[in-house]
Amino acid sequence: MITVYPVEDIEHLSDHDGRLLPDTYLVPKGITARLFAYVIHSELGDNFLYAIDARDKRRIGENAILKDRDVISIASAKKRA
């Protein structure tokens, strides 16, 4: 298993309320960015466009394998309510 931190704001590593690294997910090693989006919420997975690695601000695709302690922002076509 690995830990992955989802964030909305990659500059401040926070969620929409400004909380710093508010969530931590324990996920199977080898999980892809898109599958991680589904772990967070089914709508994020269904409408996945790409993910952003917050450390280097690099866009990563749906099949990118996440690493332990990655900080990831998910871009989707439809925002969660």
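This is a chat between a student and a tutor about the strands, the helix and the buried parts of a predicted model.

Student: How many strands form the sheet, and in what order?

Tutor: In this predicted model, five strands form an open sheet, and their order is E2-E1-E5-E3-E4, with mixed pairing.

Student: Which ones are the edge strands?

Tutor: The edge strands are E2 and E4, the latter covering residues 58-60, and each of them pairs on one side only. Going from one strand to the next, the twist averages 40°.

Student: Mixed pairing, ok. In what sense do E1 and E5 pair, parallel or antiparallel?

Tutor: E1 and E5 pair in the parallel sense, over three bridges, and one place to look is Tyr5, whose bridge partner in E5 is Val71.

Student: And how many bridges join E3 to E5?

Tutor: Five bridges join E3 to E5, and these two strands run antiparallel; Ile52, for example, has Ser73 as its bridge partner in E5. E1 and E2 also run antiparallel, joined by three bridges, and there Val4 stands opposite Tyr25 in E2.

Student: What holds strands together like that in general?

Tutor: Strands of a sheet pair through backbone hydrogen bonds, and they can do so either parallel or antiparallel.

Student: Back to E5, how many of its residues are buried?

Tutor: Seven of the seven residues of E5 are buried, so this strand is largely enclosed by the rest of the structure. On one side of E5 you find Asp70, Ile72, Ile74 and Ser76, on the other Val71, Ser73 and Ala75, and all of these are buried, which leaves both faces covered.

Student: Why two sets of residues on one strand?

Tutor: In a regular strand the side chains alternate between the two faces of the sheet, so neighbouring side chains point to opposite faces.

Student: New topic: which residues touch the most other members in the largest nonpolar core?

Tutor: The largest nonpolar core has 15 residues, and those touching the most other members are Val4, Phe36, Ala51, Leu66, Ile72 and Ile74. Two or more residues come from each of strand E1 (2-6), helix H1 (33-40), strand E3 (48-53) and strand E5 (70-76), and H1 gives the most, with four residues.

Student: What is Ile72 in contact with, leaving aside its neighbours in sequence?

Tutor: Once neighbours within four places in sequence are left aside, Ile72 is in contact with Val4, Tyr5, Pro6, Val7, Ala51, Ile52, Asp53, Ile60 and Leu66. There is also a second, separate core of five residues, which includes Val7, Ile52, Ala54 and Val71.

Student: Where does H1 lie?

Tutor: H1 lies across E1, E2, E3, E4 and E5, and runs at about 130° to E2.

Student: How many aromatic pairs does the structure hold?

Tutor: The structure holds one aromatic pair. The ring centres of Tyr25 and Phe36 are 5.6 Å apart and their planes stand at 90°, so this pair is edge-to-face. Tyr25 lies in strand E2 (residues 25-27) and Phe36 in helix H1, so the pair ties together parts that are 11 residues apart in sequence.

Student: Are those two buried or exposed?

Tutor: Phe36 is buried, with a relative accessible area of 0%, whereas Tyr25 is partly exposed, with a relative accessible area of 23%.

Student: What sits over the ring of Tyr50?

Tutor: The charged end of Arg59 sits over that ring, 3.7 Å from its centre.

Student: Now the loops: where is Leu21, and what is its phi?

Tutor: Leu21 is in the loop between E1 and E2, and although it is not a glycine, it has a positive phi of about 40°. With 32% relative accessibility, Leu21 counts as partly exposed.

Student: And Arg69, where does that lie?

Tutor: Arg69 lies in the loop between E4 and E5, and this residue, also not a glycine, has a positive phi of about 70°. At 51% relative accessibility, Arg69 counts as exposed.

Student: Last one: what does Thr32 touch?

Tutor: Not counting residues up to four places away in sequence, Thr32 touches Glu62, Asn63, Ala64, Ile65 and Leu66. Thr32 has its place in the loop between E2 and H1, and at 14% relative accessibility Thr32 counts as buried.

Notes:
Residues are numbered from 1 along each chain as its sequence is written. This is a predicted model: local features need pLDDT of at least 70, side-chain atom pairs count only at pLDDT 80 or more; totals for chains, interfaces and linings use all residues. Side-chain values use heavy atoms; hydrogens and water are left out. A nonpolar core is a set of buried Ala, Val, Leu, Ile, Met, Phe, Trp, Tyr and Cys residues joined through side-chain atoms within 4.5 Å. Buried means under 20% relative accessible area, exposed over 50%, partly exposed in between (1.4 Å probe, protein chains only). Contact means heavy atoms within 4.5 Å. Two strands pair if DSSP finds at least two bridges between them. Rings of Phe, Tyr and Trp (its six-membered ring) pair if their centres lie within 6.5 Å; planes under 30 degrees apart count as stacked, over 60 as edge-to-face and the rest as tilted. A charge sits over a ring if NZ of Lys or CZ of Arg is within 6 Å of the ring centre and within 35 degrees of the ring normal. Axes are lines fitted to C-alpha atoms, for helices over the stretch in contact, and angles run from 0 to 180 degrees between N-to-C directions.
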